[in-house]
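This report goes through one protein model, from selected helix contacts to single residues. The sequence and coordinates come first.

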Amino acid sequence: MYPTQTQPPINEATRLAQQDAALNPRFYTTDFDELDRLDISALRPQWDAIIAEFRSDPNLDHFKRNAEFEQDFSTWDPELRQAFVDFLISSVTAEFSGCILYAEIKRRVKNPDVRELFGLMSRDEGRHAGFINHTLADFNVRVDLSFLTKAKKYTYFKPKYIYYATYLSEKIGYARYITIYRQLEAHPEFRFHPIFKWFENWCQDEFRHGEAFAILMRSNPHLLRGVNKYWIRFFLLAVFATMYVRDHLRQGFFQRLGLQVDDFDRRVIALTNEISQQVFPDTIDTANPKFWALLEQMYRNTVALNENAGRSRLTALRLQAANALCFLRLYFLPVKSKPLPADCRLEPVW
Ligand SMILES: [Fe+2]
Ligand SMILES: [Fe+2]
């Protein structure tokens with residue numbers, strides 16, 4: 001799209017963050033009346049405890065830059081710069097997606113419990129997005145967030161899909177940040193930027209966000225029963241397959257952190273899946289080699305699709321069908337089942 005007189009030119013970073021490709025984070029809207037009907041009274045003590053933790057704001061002073069950020073980044077090799085900037089842009093888009101979704105829910109709902117939780121989570125995500133954005137500015141990359149709120153396409157999602165998807169994205173966010181943090185703690189020679197030192201406290205925010213969703217779902221157990229179990233399986237697989245393919249498409253970034261992308265993804269997916277057993281009655285059997293083989297096949301199909309871009313339409317259709325078939329086969333692999341306790345109590349597994 002070419003800029004018109006009334007439309008300022010879109011810089012490259014905003015253009016990247018704006019892409020609506022299927023594998024990019026999206027911006028969501030939902031049915032706010034249904035959110036109002038959520039009732040957390042079944043797990044009130046656990047809810048009050050986590051809200052108290054949010055209110056105490058343990059990371060209030062965490063996202064402050066120190067002298068380590070005052071470096072000359074222009075000396076970086078262009079490949080590392082590009083890999084890091086791409087990582088920051090996809091992270092800031094994800095953080096900002098959370099921030100605006102949570103803020104919108106807070107603005108639109110009347111239920112005081114839901115209102116408060118989403119306000120507090122939006123506070124955290126806004127802080128995370130701002131911190132990343134500051135780092136992008138060090139690399140002369142500007143993401144125009146106000147522009148994104150206006151021009152980004154919003155996807156409608158039923159509330160329950162939001163609970164499943166955001167619970168998983170919070171937990172997978174936790175697992176990614178902590179895995180990178182632990183790697184660099186053991187191998188500081190790979191810590192090429194100070195922002196990675198901030199990941200430990202940062203991922204505690206993400207973990208807490210996931211816990212709040214877990215309590216919310218457990219106190220409304222209809223969300224975890226019957227046909228909803230099939231939706232949960234779908235979201236688990238969609239989140240895992242998306243991450244696997246995206247990460248494998250940018251292996252260079254992980255190599256710079258001293259990580260093999262395959263090993264990283266296996267650890268992060270297995271950890272997220274394990275944590276999600278605290279709330280989901282069915283989870284993925286990550287010990288099944290077929291699960292990993294199908295994810296790998298989806299990645300290979302995606303590489304072939306990218307190589308074919310702008311060429312054969314028939315090849316593209318064949319590869320898209322092959323990926324759909326992989327996903328279907330993933331879906332029908334045996335799952336790990338754990339029945340919900342009768343009182344829906346949430347036992348922390350972590
Ligand atoms: Fe966040
Ligand atoms: Fe979060």
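In which hand, left-handed or right-handed, does helix 3 pass helix 8? The crossing of helix 3 with helix 8 is left-handed. The model is predicted, and every value below is computed from it.

## Overall make-up

The protein chain contains 13 helices and 4 strands. It has 350 residues, of which 33% are buried. Among contacts in the chain with a separation of 6 or more, 83% join residues 24 or more positions apart.

## Helix 3 against helix 8

The axes of helix 3 and helix 8 lie 10 Å apart, at an angle of about 155 degrees. Angles over 145 degrees count as roughly antiparallel, and helix 3 and helix 8 are therefore roughly antiparallel to each other. Helix 3 contributes Q46, W47, I50, E53 and F54 to the contact, and helix 8 contributes R208, E211, A212 and I215. By class, these residues are 5 nonpolar, 1 polar and 3 charged.

I215 of helix 8 touches Q46, W47 and I50, which are among the helix 3 residues of this contact. Leaving out residues up to four places away in sequence, I215 also touches I40, L43 and L346.

## The nonpolar core

I215 appears again in the largest nonpolar core, which has 73 residues. Together with Y167, M217 and F240, I215 belongs to the residues with the most contacts inside that core. Two or more core residues come from each of helix 4 (78-108), helix 5 (112-138), helix 7 (159-186), helix 8 (199-218), helix 9 (228-249), helix 11 (261-276), helix 12 (289-308) and helix 13 (313-331).

## Helix 9 against helix 12

Helix 9 and helix 12, both on that list, pack at an angle of about 50 degrees with their axes 9 Å apart. An angle of this size falls outside the parallel, antiparallel and perpendicular ranges, and the two helices are therefore oblique to each other. Helix 9 passes helix 12 in a right-handed crossing. On the helix 9 side the contact is made by A241, Y244, V245, H248 and L249, and on the helix 12 side by L295, M298, Y299 and T302. The contact has 7 nonpolar and 2 polar residues, and no charged ones.

Is T302 buried or exposed? T302, which sits in helix 12, counts as buried because 21 C-beta neighbours lie inside 10 Å, and the cut-off for a buried residue is 20 or more. Beyond its neighbours within four places in sequence, T302 is in contact with V245, L249 and N323. T302 and A322 are 20 residues apart in sequence, with a C-alpha to C-alpha distance of 9.8 Å.

## Two loop residues with positive phi

Where is D57 found? D57 lies in the loop between helix 3 (44-56) and helix 4. D57 is not a glycine, yet its phi is positive, at about 50 degrees. With 14 other C-beta atoms within 10 Å, D57 is partly exposed.

N140 is found in the loop between helix 5 and helix 6 (145-151). N140 also has a positive phi, about 60 degrees, although it is not a glycine. N140 counts as exposed because it has 10 C-beta neighbours inside 10 Å, and a residue with 12 or fewer is classed as exposed.

Conventions:
Residues are numbered from 1 along each chain as its sequence is written. Chains are lettered from A and ligands numbered from 1 in the order in which they are written. This is a predicted model: local features need pLDDT of at least 70, side-chain atom pairs count only at pLDDT 80 or more; totals for chains, interfaces and linings use all residues. A nonpolar core is a set of buried Ala, Val, Leu, Ile, Met, Phe, Trp, Tyr and Cys residues joined through C-beta atoms within 7 Å. Two residues are in contact if their C-beta atoms, placed from the backbone, lie within 7 Å. Axes are lines fitted to C-alpha atoms, for helices over the stretch in contact, and angles run from 0 to 180 degrees between N-to-C directions. Angles under 35 degrees count as roughly parallel, over 145 as roughly antiparallel, 65 to 115 as roughly perpendicular and the rest as oblique. A crossing is left-handed if the near helix is turned anticlockwise from the far one by less than a right angle, and right-handed if clockwise. Ala, Val, Leu, Ile, Met, Phe, Trp, Tyr, Cys and Pro count as nonpolar, Asp, Glu, Lys and Arg as charged, and the others, Gly among them, as polar.
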